[in-house]
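This report describes one protein model. The sequence and the three-dimensional structure are shown first.

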Amino acid sequence: MARVLFLGGLGRSGTTLVERLLGELPSVCALGEIVHLWQRDVRDNERCGCGARFAACTFWKRVGELAFHGWANVDVERVHALRDAVERTRFIPRLAADRLPRELLLQVREYAGFYTRVYTAAAEVSGAQVVVDSSKHSALAHVLRWAGGIDLRVVHVVRDARGVAYSWTKTVARPETDGSDEMTRYSPGRSALLWNAHNAAFGLLARRGVPVRRIRYEQFLADPRGALTSLADFAELPISEADLAFVGDGHADLGVGHSAAGNPMRFTVGRLPLRRDDAWVRALPDKQRRLVGTVCGPMLRAYGYPLNVKEA
Ligand SMILES: [Zn+2]
């Protein structure tokens, strides 16, 4: 049974960074955001983290053969139809129930089946004990709760809502499309509401019995070795001090990975600076900072974030 670490949280919370570092541990295979694999890779043949086009990457070619006898056999229309039917944030209360109506359960299992086949094949092709899916979406994590045949563990990555809000206002190009496309942007008010909803959804998932380990982006960067040791423990992965040698003082040395989709950081090879991005403390306008602080106040406090942050 494939052991799956699902990295969850609202986008711009640092999930890609956590995934890249986890991917350097022995016996871990980081897959990127599988939620986007169907459209961006299977259909649009975008770039893998290794730099090759998806169809030309030998790792993903083997995974596709093992999982589906070739990617050409995946009905992407069907995957999208199922996603629209079951994987929406507004469906989370239904997915969090003790039982699902039979028709919904069948759709949920069929949709989850596409993911579990990828996880299982990736574990076999890589020989890794743990595969990492950094899809982030809380609704997908709730769907996977109903999947059979995988050992699902969820890492819930939380970042200060004001840092997340600031990040969503910035323009970022998507290099996998050769710069012709930009990543989505949200207003601070919108991202504050999403922050509450997605973080609450992971709390709910934990109350439904799924193993969920919450980590704060800021703490992860303050002590990456300690955080990785704790996550390896959560994944029941034995690691030694030497396995963490790629993490230096303020940087990490990354090898080539096969992340299928996600943040541009998935292409980074070599030295990656490990610096906490707190530009928002200076750059997020007061009015927006107060708005996000008010909307997200109760959960920011619950996660241990100070509501008054002064410029250093
Ligand atoms: Zn690749």
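The text below treats the metal site, the strands around β3, the salt bridges and one arginine in turn.

**Metal site**

The model is predicted, and its zinc ion is held by four protein donors: Cys48 (SG), Cys50 (SG), Cys57 (SG) and His258 (ND1), at distances of 2.1 to 2.4 Å. Along the chain these donors follow the spacing C-x1-C-x6-C-x200-H. The angles among the four donor atoms run from 98 to 119 degrees, and the site is tetrahedral. For four tetrahedral donors, the ideal angle at a metal is 109.5 degrees. Two of the cysteine donors can be set side by side in terms of accessibility: cysteine 57 is buried, with a relative accessibility of 1%, whereas cysteine 50 is partly exposed at 29%.

**Strands around β3**

Strand β3 spans residues 130-136, and seven of its seven residues are buried. The cover extends to both faces of the strand: Val130, Val132, Ser134 and Lys136 are buried on one side, and Val131, Asp133 and Ser135 on the other. Strand β3 pairs with β1 in the parallel sense over five bridges; in this pairing, leucine 5 has valine 132 of β3 as its bridge partner. Strand β2 (residues 28-30) also runs parallel to β3, joined to it by three bridges. Valine 28 has valine 130 of β3 as its bridge partner.

**Salt bridges**

Side chains of opposite charge can pair when their charged atoms come close. The whole structure holds 13 salt bridges, including the three in the table.

| Acidic residue | Basic residue | Closest N and O atoms |
|---|---|---|
| Aspartate 151 | Arginine 3 | 3.9 Å |
| Glutamate 77 | Arginine 43 | 3.1 Å |
| Aspartate 277 | Lysine 170 | 3.9 Å |

The salt bridge between aspartate 151 and arginine 3 links distant parts of the chain, since aspartate 151 is in strand β4 (residues 150-158) and arginine 3 in strand β1 (residues 2-8), 148 residues apart. Aspartate 151 is partly exposed, with a relative accessible area of 22%. Arginine 3, at 19%, is buried. Salt bridges that share partners join Arg3, Asp151, Arg153 and Glu236 into one network.

In the pair of glutamate 77 and arginine 43, glutamate 77 lies in helix α4 (residues 76-86) and arginine 43 in helix α2 (residues 37-43), so the salt bridge ties together parts that are 34 residues apart in sequence. Glutamate 77 is exposed, its relative accessible area being 52%, while arginine 43 is partly exposed at 38%.

Aspartate 277 and lysine 170 form a salt bridge between two loops: aspartate 277 belongs to the loop between β7 (270-273) and α12 (280-283), and lysine 170 to the loop between α8 (161-169) and α9 (188-207), 107 residues apart. Both are partly exposed, aspartate 277 with a relative accessible area of 29% and lysine 170 with 30%.

**Arginine 159**

Aspartate 277 also takes part in a contact with arginine 159, whose side chain reaches the backbone oxygen of aspartate 277 at 2.9 Å. Arginine 159 is located in the loop between β4 and α8. With a relative accessible area of 6%, arginine 159 is buried. Apart from neighbours within four places in sequence, arginine 159 is in contact with Arg12, Ser13, Val164, Ser167, Trp195, Tyr217, Glu218, Asp277 and Tyr305.

Conventions: Residues are numbered from 1 along each chain as its sequence is written. This is a predicted model: local features need pLDDT of at least 70, side-chain atom pairs count only at pLDDT 80 or more; totals for chains, interfaces and linings use all residues. Side-chain values use heavy atoms; hydrogens and water are left out. A salt bridge is a side-chain nitrogen of Lys or Arg within 4 Å of a carboxyl oxygen of Asp or Glu. Helices (H or I, at least four residues) and strands (E, at least two) are DSSP runs, numbered from the N terminus. Buried means under 20% relative accessible area, exposed over 50%, partly exposed in between (1.4 Å probe, protein chains only). A polar contact is a pair of N or O atoms within 3.5 Å; within protein, one must be able to donate a hydrogen and the other to accept it, and residues adjacent in sequence count only if both atoms are side-chain atoms. Contact means heavy atoms within 4.5 Å. Donors are N, O and S atoms within 2.8 Å of the metal (3.2 Å for Na, K and Ca); water is not among the atoms, so sites may look incomplete. Four donors count as tetrahedral if all angles lie between 85 and 135 degrees; four count as square planar and six as octahedral if opposite donors are over 155 degrees apart and all others between 65 and 115; anything else is irregular. Two strands pair if DSSP finds at least two bridges between them.
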